[in-house]
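Student: I should like to work through the strand pairing and some backbone angles of this protein. May we begin once the structure is shown?

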Amino acid sequence: MAIEAVQERHRAGSLKQQNKQHKHGRHKSKGFLGNANKGKTLSRINARRAKHELRKDERRNQALQLRLKKREDLLKIRRGLTDAPFLVAIISLSSNIKPDIATAFLKASDSESLITYSSEGQVHISVPRFKQRFCFVECAGDNLFDVLDVLKVADTVLFVVSVEGIQSEGEILLTAALAQGLPTTAVVLVDLLRLPPKKRQEGKVCLQKQINKWLPDEKIMNLEKVSDGLMVLRRIGNQKQRSVAQRDKRPHLIAEKTEFVVNPQGGLGTMKLTGYLRGKSLSVNSLVHIPGWGEYQLKQIDASTDPHPLVQSKNKENVEMAMVDVLEVADPTKQESLESENIPDPMEGEQTWPTEEELKEAENSVRKVKRIPAGMSEYQAAWIPDSDAEDEDDDVDSVDGMQCDIEAQEEEMSDEDDLNETDTMTVTSEVPLADDKYDQETNITEEQETLQKIKDARSEQMFPDEIDTPLDIAARVRFQKYRGLKSFRTSPWDPKENLPQDYARIFQFQRFDRTHKRLLQEMEDSSTSAMPGIYITIHIVGVSEELFLSRPGTQSLVVYGMLPHEQKMSVVNMVLKRPTCLEIHEPIKSKEQLIFQCGYRRFMACPIFSQHTNG
């Protein structure tokens with residue numbers, strides 16, 4: 001037998017070759033981290049517990065839950081099950097097209113839809129197949145402010161156009177709506193069949209180009225058949241809603257029913273407005289604002305039965321019996337005040353009687369006497385150097401000398417006028433003026449004033465930082481309200497120096513941004529009974545009966561819930577731009593009374609214009 005040999009196992013020695021590992025890029029070497037940190041160390045060691053890192057399946061489950069929640073919320077909004085109906089404003093951009101033409105197509109679009117009407121003229125269409133409700137408001141009036149008030153609270157605006165294009169009135173309306181904040185838009189064409197069949201496509205393309213100048217991403221839809229109306233309703237209900245800050249951050253309501261209750265004792269009465277609450281929740285202790293009317297207090301909020309359901313109820317008796325529940329009653333101790341101005345205290349800032357120590361210190365101190373004009377404060381006197389102090393006699397002599405110079409200049413100017421009068425002569429044209437070129441209604445005085453305004457505006461544009469020295473009054477008297485600065489950058493400037501007395505009536509916020517953020521958060525966290533989406537009736541007190549009766553029939557009443565302190569008077573800085581669609585090129589002078597449309601407010605003021613610069 002052969003002896004089995006034992007196989008020796010190879011053992012690597014100290015000189016075995018060591019190959020480098022593959023640089024997979026997942027980890028960084030110690031040398032690389034040392035070079036990157038450059039010797040820096042953490043200032044303190046974070047002793048907190050390490051955050052749990054989700055595994056792949058956990059991250060996938062979390063993303064799925066968030067996606068389902070967003071989808072559920074979006075479906076609720078689109079179906080209108082929890083919110084108010086879609087508020088759609090119908091506006092015509094052509095004078096030959098009326099908004100009721102589009103409303104007629106929409107009402108006949110679905111035979112199963114439920115159509116109801118409100119006392120203020122709104123048309124409600126409930127479409128069971130879409131599980132959505134729509135409220136249409138026809139803006140047929142000629143008043144621009146009434147149309148803008150409806151656009152403030154509308155979810156969607158439906159523009160109706162003709163094959164003739166957008167006219168001048170429509171351009172003015174679009175300019176104002178875009179400056180105010182335009183909601184979600186849709187454009188329909190109602191009279192394309194007027195054109196010959198061969199020119200319809202060309203006419204629609206030309207109209208599309210004109211629309212895209214104002215609304216770049218908007219496409220025109222045809223509204224000529226019953227089926228087209230159903231497509232328009234589907235698009236309004238499914239398109240993404242555009243956010244408008246001043247609308248979404250405040251509660252608002254458009255009145256579908258109005259009632260005025262006269263006060264038996266006389267004076268101001270109570271106005272009841274009924275409609276769907278949209279936006280945020282409304283508190284009975286807060287103030288409300290009606291555009292063009294002002295701010296008012298609430299007395300009570302009631303909840304009523306929804307008169308525009310999605311499906312017709314089989315029991316008609318329950319529909320006729322409207323249930324009214326009182327949600328909230330105003331608490332006088334918590335109710336916001338209508339006070340908009342601060343009452344200044346004339347004794348505020350007055351110096352108290354000095355103490356004995358202050359009197360002794362004042363006697364021992366060396367006082368430096370400086371002659372300053374009467375009525376100048378200590379802060380202003382610090383700008384007058386000692387070398388500028390002059391005696392009163394010198395001031396009187398300088399004033400007399402200036403008056404003599406002015407009288408001499410006036411005499412020279414009068415002599416020149418006499419010479420000009422003697423050298424000029426009147427020449428009458430031999431050709432008579434045609435009767436068709438003569439306007440008997442022309443006001444010469446108005447034309448001269450307009451021409452003078454144009455000259456002043458041109459001079460202000462050419463020389464914005466210059467002013468002429470008057471000849472009929474001394475310069476020291478004319479410019480006594482002004483003072484010079486050694487440097488606009490380094491010279492001290494008190495922002496409250498020589499402010500008018502009216503500025504004492506303005507409330508001052510220590511930190512406005514922080515207050516604004518806190519109030520919005522409080523509104524989100526507040527628990528009130530009047531939630532958005534319900535059909536309510538608000539009782540507004542202190543309304544004039546004459547103002548209620550003078551309301552035009554085409555005006556829709558819009559109510560906005562105000563945040564705290566929004567009724568306070570303030571100073572507003574804004575930039576004005578003249579639109580190109582207006583044919584009026586007359587200059588606007590400072591301190592002329594204008595109507596301002598700012599957010600949900602509309603007020604009259606006399607602005608002061610200045611150059612728009614960053615400084």
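Tutor: Two strands are taken to pair if DSSP finds at least two bridges between them. Please bear in mind that this is a predicted model.

Student: Which residue in β13 stands opposite D302?

Tutor: Strand β12 (residues 294-304) pairs with strand β13 (residues 324-329) in the antiparallel sense, over five bridges. Within this pairing, the residue opposite D302 is V326.

Student: How many bridges join β12 and β14?

Tutor: Strand β14 spans residues 535-543 and runs antiparallel to β12. A303 of β12 faces I536 of β14. The number of bridges in this pairing is six.

Student: Which residue in the turn between β11 and β12 has a positive phi?

Tutor: Strand β11 (residues 287-290) is antiparallel to β12 and is joined to it by four bridges, with H289 opposite E295. The two strands form a hairpin with three residues between them. The turn residue with a positive phi, of about 90 degrees, is G292.

Student: K131 lies in the loop between β3 and β4; what is its phi?

Tutor: Most residues other than glycine have a negative phi. K131 is not a glycine, yet its phi is positive. With a relative accessibility of 43%, K131 is partly exposed. Its phi is about 55 degrees.

Student: Where is H565 located, and what is its relative accessible area?

Tutor: H565 also departs from the usual sign, having a positive phi of about 70 degrees without being a glycine. It is located in the loop between β15 (558-561) and β16 (594-598). H565 counts as partly exposed, and its relative accessible area is 34%.

How values were computed
Residues numbered from 1 in each chain as written. Predicted model: local features only at pLDDT ≥ 70, side-chain atom pairs only at ≥ 80, totals over all residues. Heavy atoms only, no water. Buried < 20%, exposed > 50% of the residue type's maximum accessible area, 1.4 Å probe, protein only.
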